[in-house]
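Visitor: I would like a close look at a single part of this model, taken slowly and with its surroundings. Could you choose one element and walk me through what lies around it?

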Amino acid sequence: MSCFETRKQFANFWRKRLDRGQAVLITDHLRECSSCDHSFRAFALTAPVLHSAFGGYDASAHRGIAGSAIYKLRTVRESNRHAPQAGKWTAIAMVLAASMVAYVATTVPNPSLTEVLTSPQPVSTLSSVQDSAFPLDDFAG
Amino acid sequence: MGGLGAQAEITGEVPVRTDQELVADVRAGDSAAFGELAGRYRRRIESLCRRFFSDPELVRDLTQECFLRAFAGLDSYRCEMPFATWIRTIAVNASYDELRRRRRRPEELVADFTSAEAQWGELLNHASPEELTGIAEERRGAYELAHRLLNSLRPEDRLVLVLRDGEEMGVNEIAQTLGWSEAKVKIRAFRARQALRKQAKRVIGSRRFGFLA
């Protein structure tokens, strides 16, 4: 096999499309011809992406889960694995929401300035008004 | 006479619907039929995207985007064209858009090789050709190094190389897919190979890597 013929067959050799006899011819030539051997190794730099059957290394395939049924199973398992965590966050959110509701229900709201000024009640009965942005002293007689 | 339908009647199996029948069903409002179409082509589209990008998340997102684009644009699909060709064109365009969006970093070609890449480099230096073809797909480093090299190319160079070598498309087919002239495809492929050879020499000659020296 000539150098030209050998190099033309690199892609087929990489993709394992050659029959045993042809593959042997290639490997024999590569063993004897250092120039073609060097070319083949340079070819192998990009072959894992350009000449692989499925576009190259697939992490999921190398975990033994390439099959679609198993892949689906993994997806279900993964979603289940995340489920308790999601549940935990839901529980935390619910507790926070409940605390908020309890706080709002038990706390007397701060009256607004208008409410304070127009209220018929004595100023002293307006609880927590001291926390407002405008202290009552500013409006006291 | 009867073919697939008659055989299905005898065996009681549900006949396999063709792509065109599924497309017609989707157009008639059966969205689930699109799920079947997507199931048929998901792996093929993922493989194509994986030739452009090494990030599995990105590959998944792009694949999903392709099917979303296909679903949204199904009205523009002409049934004279095989569905496989149409969805591949969408994937090629989506990948090309993404390639152009990303900044090319040729300066990173020979900097900071990972240990996986270095191990693959060692193998490239010492393993026999049969061993290399046998183990490359199990080696993350092989894939990463190949992407590193391809990432240093211009987007259109990479596009042509992937379609010509990876997908083994003919010049005419690439020209039709990209809307380029055949002459442009040939010239671009020639320049892409030149550029790839130049970048491969940089990797091979890299002092840090030192393999094949």
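**A helix of chain B and its surroundings**

Guide: In the largest nonpolar core, which has 55 residues, the members that touch the most other members are Cys49(B), Ala91(B) and Ala146(B). The element that gives the most to this core is H4(A), with eight residues. This is a predicted model, and the part to look at closely is the helix that carries Ala91(B), namely H5(B).

Helix H5 of chain B covers residues 83-101, which makes 19 residues, and from its first C-alpha to its last it reaches 27 Å, close to the 27 Å expected at 1.5 Å a residue. Along H5(B) the buried residues are Trp86(B), Ile87(B), Arg88(B), Ala91(B), Val92(B), Ala94(B), Ser95(B) and Leu99(B). The cover over these buried residues includes four helices of chain B, H3 (32-52), H4 (56-72), H9 (155-166) and H10 (171-178). For Ala91(B) itself, once its neighbours within four places in sequence are left aside, the contacts are Ile45(B), Leu48(B), Cys49(B) and Cys66(B). One of these, Cys49(B), is also among the core residues that touch the most other members.

Two of the covering helices can be followed in detail. Two packed helices are described by the angle between their axes and the distance between the axes. H3(B) and H5(B) pack at an angle of about 35 degrees with their axes 10 Å apart, and their crossing is right-handed. On the H3(B) side the contact is made by Leu37(B), Tyr41(B), Ile45(B), Leu48(B), Cys49(B) and Phe52(B), while H5(B) brings Phe83(B), Ala84(B), Ile87(B), Arg88(B), Ala91(B), Ser95(B) and Leu99(B). By class, the residues of this contact are 11 nonpolar, one polar and one charged.

With H9(B), H5(B) packs at an angle of about 150 degrees, the axes lying 9 Å apart, and here too the crossing is right-handed. This contact joins Val92(B), Tyr96(B), Leu99(B) and Arg100(B) of H5(B) to Pro155(B), Arg158(B), Leu159(B) and Leu163(B) of H9(B), and its residues divide into six nonpolar, no polar and two charged. Leu99(B), which is buried, thus appears in the contact with H3(B) and again in the contact with H9(B).

Around this helix, chain B has 11 helices and zero strands, and 33% of its 213 residues count as buried. Among the contacts of chain B with a separation of 6 or more, 67% are between residues 24 or more positions apart.

The other chain belongs in the picture as well, since H4(A) gives the most to the core. Chain A has six helices and zero strands; 18% of its 141 residues count as buried, and residues 24 or more positions apart account for 30% of its contacts with a separation of 6 or more. Between the chains, 25 residues of chain A are in contact with 31 residues of chain B. On the side of chain A that touches chain B, the elements giving two or more residues are helix H2 (10-14), helix H3 (20-32) and helix H4 (34-50) of chain A, and the largest share, 11 residues, comes from H4(A). That side of chain A has 15 nonpolar, eight polar and two charged residues.

Technical notes: Residues are numbered from 1 along each chain as its sequence is written. Chains are lettered from A and ligands numbered from 1 in the order in which they are written. This is a predicted model: local features need pLDDT of at least 70, side-chain atom pairs count only at pLDDT 80 or more; totals for chains, interfaces and linings use all residues. Two residues are in contact if their C-beta atoms, placed from the backbone, lie within 7 Å. Ala, Val, Leu, Ile, Met, Phe, Trp, Tyr, Cys and Pro count as nonpolar, Asp, Glu, Lys and Arg as charged, and the others, Gly among them, as polar. The expected span of a helix is 1.5 Å times one less than its number of residues. A residue is buried if 20 or more other C-beta atoms lie within 10 Å of its own, exposed if 12 or fewer, and partly exposed in between; C-beta atoms are placed from the backbone. Axes are lines fitted to C-alpha atoms, for helices over the stretch in contact, and angles run from 0 to 180 degrees between N-to-C directions. A crossing is left-handed if the near helix is turned anticlockwise from the far one by less than a right angle, and right-handed if clockwise. A nonpolar core is a set of buried Ala, Val, Leu, Ile, Met, Phe, Trp, Tyr and Cys residues joined through C-beta atoms within 7 Å.
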